[in-house]
Structure formats: structure tokens, C-alpha cells
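User: Hi! I have just started learning how to read protein structures, and I would love to go through one step by step. Could we look at this one together?

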Amino acid sequence: MAGLEDLYREIILDHYRTPRNRGELEAPAVSAEGHNPLCGDEIRIFIDVKDGLVSDVRFNGSGCSISQSSASMMTTA
């Protein structure tokens, strides 16, 4: 099982060091914020929709490697 754990760790660190889709959309169709008061993690999601489909998604925020990596992974297809 150590191999699988190493793979997960590598993926999380990769998304933390090189986040995908980090930034903001100028005029998103939808935006949402999340804040964890226990640890201070904050995530903001920005989504554009065209013809009923998500056409672009970005995130911004601060926090631990897990929260930031999760947000990055969530924005990839």
C-alpha cells in the first residue's frame, strides 16, 4: 500500500506547488466562498457558464496543502 500512498502524496504536492486554474474570473456567472474557522483555510470558486455548460473555472484562497491541492484538483476535468 505504500506505493499508492506515495502516489497520492505526489499528486497532492504537485497540485500544491503548481496549482491549476488559480486566479479569478472577472465577471463569473457563479461564485462561492468557503472558510474553515478551525484551521483558517479559505477557498473562493469562480465559474463561467455558456450554453448550460461550465466553460471556465478558477479558484483562489489560502490554507494548507490539502485544501489548496483539493481546490486545484476540483477545477480540472
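User: Which residue takes a positive phi in the hairpin of β2 and β3?

Analyst: Good place to start, and keep in mind that this is a predicted model. The hairpin of β2 and β3 has two residues between the strands. One residue in this hairpin has a positive phi, near 55°, although it is a residue other than glycine. That residue is D51.

User: Is D51 buried or exposed?

Analyst: D51 sits in the loop between β2 and β3. Its relative accessibility is 81%, and exposed means over 50%. Therefore D51 counts as exposed.

User: What about N21, which also has a positive phi: where is its place, and how does it count by accessibility?

Analyst: N21 has a phi of about 60° and is not a glycine. Its place is in the loop between α1 (2-17) and β1. The relative accessibility of N21 is 23%, and the class between buried (under 20%) and exposed (over 50%) is partly exposed. So N21 counts as partly exposed.

User: Let's step back. In what order do the elements run from the N terminus on?

Analyst: The protein chain has two helices and three strands. Helix α1 covers 2-17, and helix α2 covers residues 65-74. From the N terminus on, the order is α-β-β-β-α.

User: Which strands stand at the edges of the sheet?

Analyst: The sheet is open, and its three strands have the order β1-β2-β3 with antiparallel pairing. Two of these strands have a single partner strand each, so one side of each is left without a neighbour in the sheet. From one strand to the next, the twist averages 15°. The strands at the edges are β1 (30-35) and β3 (53-62).

User: How many bridges join β2 to β3?

Analyst: Strands of a sheet pair through backbone hydrogen bonds, either parallel or antiparallel. Here β2 (residues 42-50) and β3 pair in the antiparallel sense. F46, for instance, stands opposite R58 in β3. The number of bridges between β2 and β3 is nine.

User: And which residue in β2 is the bridge partner of E33?

Analyst: For this one we move to β1 and β2, which pair in the antiparallel sense over six bridges. The partner of E33 lies in β2, and this partner also stands opposite N60 in β3. The residue is R44.

User: Which residue takes a positive phi in the hairpin of β1 and β2?

Analyst: This hairpin has six residues between the strands. One residue in the hairpin has a positive phi near 90°. You can find it in the structure as G40.

User: What angle does the direction of helix α2 make with that of β3?

Analyst: Helix α2 packs on the sheet and touches β2 and β3. Its direction is compared with that of β3. The angle comes to about 170°.

User: One last topic, the whole chain. What share of its residues count as buried?

Analyst: The protein chain has 77 residues, and its C-alpha trace spans about 45 × 30 × 20 Å along the principal axes. The accessible surface comes to about 5,400 Å², with 55% of it belonging to carbon and sulfur atoms. A residue counts as buried if its relative accessible area is under 20%. The share of residues that count as buried is 23%.

User: How far apart are the centres of the positive and negative side chains?

Analyst: The chain has 7 positive and 12 negative side chains. Each set has its own centre. The distance between the two centres is 4 Å.

Definitions and conventions. Residues numbered from 1 in each chain as written. Predicted model: local features only at pLDDT ≥ 70, side-chain atom pairs only at ≥ 80, totals over all residues. Heavy atoms only, no water. Pairing = 2+ DSSP bridges. Helix = DSSP H or I, 4+ residues; strand = E, 2+ residues; numbered from the N terminus. Axes fitted to C-alpha atoms, helices over the stretch in contact; angles between N-to-C directions. Contact = heavy atoms within 4.5 Å. Buried < 20%, exposed > 50% of the residue type's maximum accessible area, 1.4 Å probe, protein only. Areas by Shrake-Rupley, 256 points an atom, 1.4 Å probe, with all protein chains shown as cover. Lys, Arg positive; Asp, Glu negative; His and termini not counted. Charge placed at Lys NZ, Arg CZ, Asp CG, Glu CD.
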